[in-house]
Amino acid sequence: MSKIKVSSKISKSQSSRKTMNKKFLFIFAGLFLVIIIVIGIVLFNYEDYNIVVDNGNVDEFVDDNKKIIPNEVGYYEVQMNTTWNFTSSKKPSYNAYVGNSNSNLNTIYFTISIDEENIYTSPYLPVGTNLKNIKLEKNLKKNSYNAIMKYHLLDDNYIEISSLSVSMTIVIEN
């Protein structure tokens with residue numbers, strides 16, 4: 001009787017090992033598959049950001065970056081520097097810059113005010129144009145002023161669609 005019990009225990013033990021081996025094999029295969037999928041996703045989405053531009057590929061690089069994606073209607077990209085310096089308020093600024101980006105869809109103009117008093121109104125800036133050598137319309141004393149530049153986005157009939165206010169600094173040096 002004891003021989004039967006021993007052989008029965010041995011066969012149960014071998015059966016349990018086979019089941020464990022199958023479970024281990026399935027778990028291992030599942031993990032291997034997950035690792036392969038993750039590696040595939042990483043490699044598929046990999047972009048090389050270490051681009052070297054030289055005389056041989058500069059045209060290709062420039063051509064790729066000339067593709068302009070226009071902004072949605074009612075949105076626009078602001079191009080400006082936020083501190084304008086003037087040697088005096090009677091002379092144009094030597095560093096003021098405002099541009100209407102090529103990605104914009106509409107003409108703009110802007111106004112500048114200090115303490116709610118308008119000190120400059122720009123001409124219309126069609127898409128792709130910029131304005132430099134800006135001269136204020138009001139005389140200011142030597143000082144640094146906190147100012148507000150308000151961009152006005154215009155439709156095809158030059159009617160305002162929306163506006164955006166940006167803080168800036170005006171420095172009168174003399």
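Reader: How many bridges join strand S4 to S5?
Author: This is a predicted model, where local features need pLDDT of at least 70, side-chain atom pairs count only at pLDDT 80 or more, and totals for chains, interfaces and linings use all residues. Residues are numbered from 1 along each chain as its sequence is written, and side-chain values use heavy atoms, leaving out hydrogens and water. Strands are DSSP runs (E, at least two residues), numbered from the N terminus, and two strands pair if DSSP finds at least two bridges between them. S4 (residues 108-114) and S5 run antiparallel, and the bridges joining them number four.

Reader: Which residue in S5 stands opposite isoleucine 114?
Author: S4 spans residues 108-114. Facing isoleucine 114 in S5 is glutamate 117.

Reader: Which are the edge strands of the open sheet?
Author: The sheet has five strands and mixed pairing, in the order S2-S8-S7-S4-S5. An edge strand here pairs on one side only. The edges are S2 (83-86) and S5 (117-121).

Reader: Which element gives the largest share of the largest nonpolar core?
Author: Such a core is a set of buried Ala, Val, Leu, Ile, Met, Phe, Trp, Tyr and Cys residues joined through side-chain atoms within 4.5 Å. The largest one has 26 residues. S2, S4, S5, S7 (143-154) and S8 (160-172) each give two or more. The largest share, five residues, comes from S7.

Reader: Is lysine 141 buried or exposed?
Author: Lysine 141 lies in the loop between S6 (130-132) and S7. Buried means under 20% relative accessible area, exposed over 50%, partly exposed in between (1.4 Å probe, protein chains only). At 69%, lysine 141 is therefore exposed.
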